[in-house]
Amino acid sequence: HDDTGSLGYRLHTDGKTVVYITDTIADPESFELARNADLLLHECYFRNSMEERALETGHSYSSIVGRFAAAAKATRLALIHINPLDPEPEFCLREVMEHFQGAFLVIDNQEIDL
């Protein structure tokens, strides 16, 4: 899906599926791309309290990312592209986990086993 200039990738390796959805809002049109991913990497730039700002800027917010992962039936959700000015990124994780339990924050240079 690319109406906003954002891209998503679906990769298959060793019988596993990894989906990487870049700097964009969680969009229902991307469900098929993300469907049944073993690992979904998705931006989660804003907390729920910043929903309006997220929509204005084309970013995602916590609840929409959690609902997207659940609807896509992903196994795990790696939260990427968190607002660097947010003093407590774990807050986004807690909000996401209200909708999708298999979520975690990614840190720079982290390796993730499939």
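Two strands count as a pair when DSSP finds at least two bridges between them. The views below come from a predicted model.

**View 1. Strand 3 sits between two parallel partners.** Start with the pairing on one side: strand 2 and strand 3 run parallel and are joined by four bridges. On the other side, five bridges tie strand 3 to strand 4, and these two run parallel as well. To follow the ladder across, pick L40: V19 has L40 as its bridge partner in strand 3, and L40 in turn has L77 as its bridge partner in strand 4.

**View 2. Strand 3, residue by residue.** Which way do the side chains of strand 3 point? L39, L41 and E43 go one way, while L40 and H42 go the other. That fits the usual picture, since in a regular strand the side chains alternate between the two faces of the sheet. Both sets are buried here, E43 and H42 included. With five of its five residues buried, strand 3 (residues 39–43) is largely enclosed by the rest of the structure.

**View 3. The largest nonpolar core.** This core holds 26 residues, and the ones touching the most other members are A34, L40, C44, L77 and L79. Two or more residues each come from strand 2 (16–21), helix 3 (62–72), strand 4 (76–80), helix 4 (90–96) and strand 5 (103–105). Helix 3 makes the largest contribution, with five residues. A second core of six residues lies apart from this one, and V18, A78, I80 and F104 are among its members. As general background, nonpolar side chains tend to be buried together in soluble globular proteins.

**View 4. Zooming in on L77.** What does L77 touch, once neighbours within four places in sequence are set aside? The contacts are L40, H42, V65, A69, V96, F100, G102, A103 and F104. L40 has already turned up as the bridge partner of L77, and H42 points the same way as L40 from strand 3. V65 and A69 are buried residues of helix 3.

**View 5. Helix 3 under cover.** Eight of the eleven residues in helix 3 are buried, so the helix is largely enclosed by the rest of the structure. The buried ones are S62, S63, I64, V65, G66, F68, A69 and A72. Which elements cover them? The cover includes strand 2, helix 1 (31–34), strand 3, strand 4 and helix 4. Just after helix 3 comes K73, which has a positive phi, near 60°.

**View 6. R67 on helix 3.** R67 belongs to helix 3, but it is partly exposed, at 40% relative accessible area. Leaving out neighbours within four places in sequence, R67 is in contact with Y61 and H99. E98 is worth a look too: it is 31 residues away from R67 in sequence, and the two C-alpha atoms are 9.0 Å apart.

**View 7. A salt bridge between two loops.** The model has four salt bridges, and one of them joins the side chains of D86 and R47, 2.8 Å from N to O. Where do the two residues sit? D86 is in the loop between strand 4 and helix 4, and R47 is in the loop between strand 3 and helix 2 (51–57), so 39 residues separate this pair linking distant parts of the chain. Buried or exposed? D86 counts as buried because its relative accessibility is 13%, under the 20% cut-off. R47 also counts as buried, at 19%.

**View 8. Two salt bridges with exposed acids.** E32 and R35 pair through their side chains, 2.9 Å from N to O. E32 counts as exposed at 55% relative accessibility, whereas R35 is partly exposed at 27%. In helix 2, E56 and R53 form another salt bridge, with 3.5 Å between the closest N and O atoms. These two are three residues apart in the helix, so about one helical turn separates them. E56 is exposed at 54%, and R53 is partly exposed at 43%. In general, side chains of opposite charge can pair when their charged atoms come close.

**View 9. A nonpolar patch on the surface.** Which residues make up this patch? They are L7, Y9, L11 and Y20, and together they have about 370 Å² of accessible area. Y20 is found in strand 2, where it is partly exposed, with 35% relative accessible area.

Note on methods. Residues are numbered from 1 along each chain as its sequence is written. This is a predicted model: local features need pLDDT of at least 70, side-chain atom pairs count only at pLDDT 80 or more; totals for chains, interfaces and linings use all residues. Side-chain values use heavy atoms; hydrogens and water are left out. A nonpolar core is a set of buried Ala, Val, Leu, Ile, Met, Phe, Trp, Tyr and Cys residues joined through side-chain atoms within 4.5 Å. Buried means under 20% relative accessible area, exposed over 50%, partly exposed in between (1.4 Å probe, protein chains only). Contact means heavy atoms within 4.5 Å. Patches are made of residues with over 30% relative accessible area and no salt bridge: like charges are joined within 9 Å, nonpolar side chains (Val, Leu, Ile, Met, Phe, Trp, Tyr) within 5 Å. Accessible areas come from the Shrake-Rupley method with a 1.4 Å probe; for residues, only the protein chains shown count as cover.
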